[in-house]
Amino acid sequence: MSEPARPYIRMNGAGNAFIVVQAFEQPFHPTADQVRALADPAAGLGGFDQLIGIEPSETADAFMRVWNADGSMVETCGNALRCVGWLMLEATDKEEVVIDTLSGPTTARRAPGRVGSGDPAGSTSAAIHEVTVDMGAPRLDWDQVPLSEEMDTRGIELQIGPIDAPVLHTPGAVSMGNPHVVFFTDRQDDAFVRGSGSLVERHPLFPEGVNVGFAHVLSPDHIRLRVWERGAGLTLACGTGACAALVAAARRGLTGRKAAVTVDGGELTIAWDEATNHVFMTGPVQIEGTGTFPAA
């Protein structure tokens, strides 16, 4: 990379690790190889789940571009929307900001919640803020997920294991701007999630690949979730995955339309509003530190 060094902010949303780059004045368009190189712990950034570029937008307060650690560009990321939302709220002093993405615009606003003490650019002592993001309406038709063939997305024809005794079967399918499949199971150990998730991620049923959720419904208002993310693997949190899990569970009568979703990195509150059909996600945002790296 030959351009001058560029500053970045390291953030996390419920443990989901991001490197955020401001690209309002200087464009930021790394290649897939460059993204993979930056994601390598040897690059000195500490690794990340997604690399985020904040770009100017003619129709919103900002445009958010998302690259997975494997170099692939994806439509959106729920936890990153909260992080970028917080930065834009602080920068503009607005009550609500609009962030455009490849899957469409989203709004973000501050929510009452925890605020820790310490240097806001520090590490473990950094303030923890709560942000609510309007994730829009879930896309539930088979060709909106998308699937490669027509199916009822409340429970699609997919199973893992022997035909007569599958270990996983009939997951729900939902798009929250990116494709998700949600299995309902109490099997959530690392080996099982990694093995099953990597197997399903590139299944022919999903022409664009898929994020794979493993949801254990603990009560009508509480879900324990682990997610194998398309292009990122097993992460501490997945915001769109939490939204998809709540929608998939509610459609099957396993939960109500609002629930706490516990992920490895913390807890998100997901509400599927009946009046608007929109899904609202509330959860933590934390700035861990800053640094610079050579721009693409």
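With 296 residues, the chain would be expected to have a radius of gyration near 19 Å if it formed a compact globule, and its value of 18 Å agrees with that expectation. The model is predicted. Display the whole C-alpha trace before selecting any part: along its principal axes it spans about 60 × 40 × 35 Å. Colouring by secondary structure brings out four helices and 18 strands. Buried residues make up 54% of the chain. Of the contacts with a separation of 6 or more, 62% join residues 24 or more positions apart.

**Helix α4**

Select residues 239-251, which form helix α4. Its 13 residues should span 18 Å at 1.5 Å a residue, and the end C-alpha atoms are 19 Å apart, which agrees. Is this helix enclosed or open? Because 12 of its 13 residues are buried, α4 is largely enclosed by the rest of the structure. The buried residues include Gly239, Thr240, Gly241 and Cys243, and also Leu246 and Val247. Beyond the helix, select Gly253, which follows α4 and has a positive phi, near 75°.

**The cavity**

Keep Thr240 of the helix in view, since the next selection contains that residue too. A search of the whole structure finds one cavity of 30 Å³ or more, and the volume of the largest cavity is about 70 Å³. To display its lining, select Gln50, Asn68, Val74, Thr76, Cys77, Asn178, Asn211, Glu229, Arg230 and Thr240. By class, this lining comprises two nonpolar, six polar and two charged residues.

**The largest pocket**

Turn next to the largest pocket, which holds about 250 Å³ of space. Its lining has 14 residues; centre the view on Ile9, Val20, Val21, Gln22 and Ile54, which lie nearest the centre of the pocket. The elements that give two or more residues to this lining are β1 (5-13), β2 (16-22) and α2 (78-92). Which element gives the most? That element is β1, with four residues. The pocket lining divides into 10 nonpolar, two polar and two charged residues.

**Ser196 in helix α3**

Select residues 190-201, helix α3, and within that helix pick out Ser196. Ser196 has a relative accessibility of 7% and therefore counts as buried, the cut-off being under 20%. Show its surroundings as well: apart from neighbours within four places in sequence, Ser196 is in contact with Ile160, Leu168 and Phe214.

**Backbone features in three loops**

The last stops concern backbone geometry. Most residues other than glycine have a negative phi, and most peptide bonds are trans.

- Select Val145 and Pro146: the peptide bond from Val145 to Pro146 is cis, with omega near -5°. Pro146 lies in the loop between β8 (128-134) and β9 (159-160).
- Select Asp93, in the loop between α2 and β6 (96-100). Asp93 is not a glycine, yet its phi is positive, about 60°. With a relative accessible area of 65%, Asp93 is exposed.
- Select Asn277, in the loop between β17 (266-272) and β18 (279-294). Asn277 is likewise a residue other than glycine with a positive phi, near 70°. Its relative accessible area of 32% makes Asn277 partly exposed.

How values were computed. Residues numbered from 1 in each chain as written. Predicted model: local features only at pLDDT ≥ 70, side-chain atom pairs only at ≥ 80, totals over all residues. Heavy atoms only, no water. 1 Å grid on protein atoms, 1.4 Å probe; cavity = no way out; pocket = protein on both sides within 12 Å on 5 of 7 lines; lining within 4 Å. Points joined across faces, edges and corners; volume = space filled by probe spheres on them. Nonpolar A, V, L, I, M, F, W, Y, C, P; charged D, E, K, R; others polar. Expected span 1.5 Å × (residues − 1). Buried < 20%, exposed > 50% of the residue type's maximum accessible area, 1.4 Å probe, protein only. Rg over C-alpha atoms; globule rule 2.2 N^0.38 Å. Contact = heavy atoms within 4.5 Å.
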